Amino acid sequence: MTVLKAGVVPPMRGDCSSLLLALRGISVLGVNPPVFDFAFFDLWARPFGLLCLLQALRERGNDVSLLDGLHEVPEKDRSFGRSVPQSRIIEKPEPYRGVPRHYRHFGLSEEAFCRRLEEMDRPDLILVTSAMTYWYPGVFWSIERLRFRFPDVPILLGGLYARLCPDHASRSGADFIQTEAFPLTSFHPALDLYERPRFGLALTSLGCPGRCSYCASSLLWPRWGLRSLEAVVTEIRAQLAFPEVHDLAFYDDALLADKERHFYPLCRELRRFPDVAFHAPNGLHVCQIDDRCARMLRDSSFRTLRLSFEGRDVTVAAASRGKVHPGQFERALECLRKVGYEDDDLETYLLVGLPGQSVDDIARSIDYVLSLGAKVRLAEFSPIPGTPLFDESCRLVPALAEEPLLHNNSVYVPFVASDLSAGEMQELKDRARRGSRKAV
Ligand code: B12
Ligand code: SF4
């Protein structure tokens, strides 16, 4: 790497995609950092963008390898190919001092991470990815150890945190911060870099036609676009060729948008894989689910559905630009039940803690969803830089602009904004849980 140098202070930032995609014949190490947080649930979470980037580099004649500091040695397996990462309690960083919960390091321990680095040959280039903005401590931690082991190798940092918080990411210790979208044309993840891949990942569309004021989708993908079905099916087929891969998760923001043109033809292709279970852990747009759509989901073996209802109060309706009316939600449940989905399958996301939302508003939405027999999954509001609601939240809590740890969805509502107290949050969770248990 003659253009990118190690140890440059301050780091360069911008778009290095044409430079990266021009590389030939070098060795590249991709790193997914461990996660430091209060909780971590594997909803088919893998470093999808990094894996696609590594595959693209390999196809250009480079030698690629992966250090997945989060998922490499799981503690135990869960259903549908998922796993529980190892974890240990660690000291809380200053902004979390008052939070009465254990803070944990999920993924490879310091010892295991450094041992893996010791065993490796020196790569020519290191690519570090990042996901949630408030997971930056794991990113900084990894870069520090990578720099110690390979002092003269350029380290590039990309992913969601790098794009959403580029100024903050400049302190990560990386040599280059990828702040722009990375123009990949193929989303074929290099799954074979895992010893035992257990599920696949797919992205059939980029972004979302919606503009909810709490969501970063339109910042990350300014133009909503449907990908070529042929390319998507080729990417899916390649992953399902692994002997232990019987599950596949879709990472789309808007899987059902323009369904006649895109999702239905996709479903017809998915039926060619009758032994595979498909999952939609990101919420599905409820307004799109009618009789035909429900049948399509069932006939193409979608097992996990998450329904994005968000809530029925005026605050949610305004922030979501009225994306779901209660009538549409009720219709969706009815259609899904008619084709055989059980109450247990109908998990419904409700947003909790938007500025202006009251406890009563949320309790009413919980009761409403439960009264229809569906399960409730509370999604606590996480303010995301660049979104209209982030700016509004910053007016109330100026420190948000400087400290991404405060974006954490487990912390922001009860401990930072204090719109709802920790006790009120817990009561809402109990209410949702008790009712959901009854609904099963
Ligand atoms: C899939 C997804 C999930 C999945 C799993 C994600 C994962 N891997 O961990 C699930 C369903 C579990 C999930 C959960 C949540 N999510 Co989510 N999720 C997404 C989603 C839709 C896609 C992410 C993705 O993989 N995109 C596709 C890949 C290809 O993109 P990528 O990784 O960015 O990679 C590209 C570039 O960044 C680049 N790149 C990547 N790495 C590198 C490295 C280098 C060196 C370079 C040069 C380039 C590069 O290459 C790629 C090609 O362009 C995003 C929204 C979005 N549109 O991005 C939200 C998003 C990340 N989630 C978000 C939120 C709020 C949540 C939740 C908090 C929701 C809630 N309230 O419960 C939870 C929290 C989860 C937790 N604590 O564990 C927010 C971000 C929040 C934050 N503060 O950071 C987002 C942005 C959505 C939003 N509402 O705006 N999520
Ligand atoms: S929250 Fe969902 S519907 Fe709204 S803009 Fe984001 S992805 Fe689209």
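**Salt bridges and overall form of a predicted model**

User: At 8% relative accessibility, does E310 count as buried or exposed?
Analyst: The relative accessibility of E310 is 8%, to be set against classes in which buried means under 20% relative accessible area, exposed over 50% and partly exposed in between, with a 1.4 Å probe and protein chains only. This is a predicted model, in which local features need pLDDT of at least 70, side-chain atom pairs count only at pLDDT 80 or more, and totals for chains, interfaces and linings use all residues. Residues are numbered from 1 along each chain as its sequence is written, chains are lettered from A and ligands numbered from 1 in the order in which they are written, and side-chain values use heavy atoms, without hydrogens and water. E310 therefore counts as buried.

User: Which residue forms a salt bridge with E310?
Analyst: A salt bridge is a side-chain nitrogen of Lys or Arg within 4 Å of a carboxyl oxygen of Asp or Glu, and here the closest N and O atoms are 2.8 Å apart, the partner of E310 being K323. E310 belongs to strand β17 (residues 302-310) and K323 to the loop between α11 (314-319) and α12, so the pair ties together parts 13 residues apart in sequence; helices (H or I, at least four residues) and strands (E, at least two) are DSSP runs, numbered from the N terminus. With a relative accessible area of 24%, the partly exposed partner is K323.

User: How many residues apart in sequence are the parts that D291 and K338 tie together?
Analyst: The side chains of D291 and K338 meet in a salt bridge at 2.9 Å, N to O. D291 lies in helix α10 (residues 291-299) and K338 in helix α12 (residues 326-338), so the parts tied together are separated in sequence by 47 residues.

User: Which residues are linked with R196 and E244 in a network of salt bridges?
Analyst: The E244 and R196 side chains meet at 3.2 Å, N to O, and because E244 lies in the loop between α8 (229-240) and β15 (247-250) and R196 in the loop between β11 (176-178) and β12 (200-202), they join parts 48 residues apart in sequence. Both are partly exposed, E244 with a relative accessible area of 33% and R196 at 46%. The network links this pair with D77 and R198.

User: What percentage of the protein do buried residues make up?
Analyst: The protein has 16 helices and 19 strands, and its C-alpha atoms fill a box of roughly 60 × 50 × 40 Å along the principal axes. Of its 440 residues, the buried ones make up 56%.
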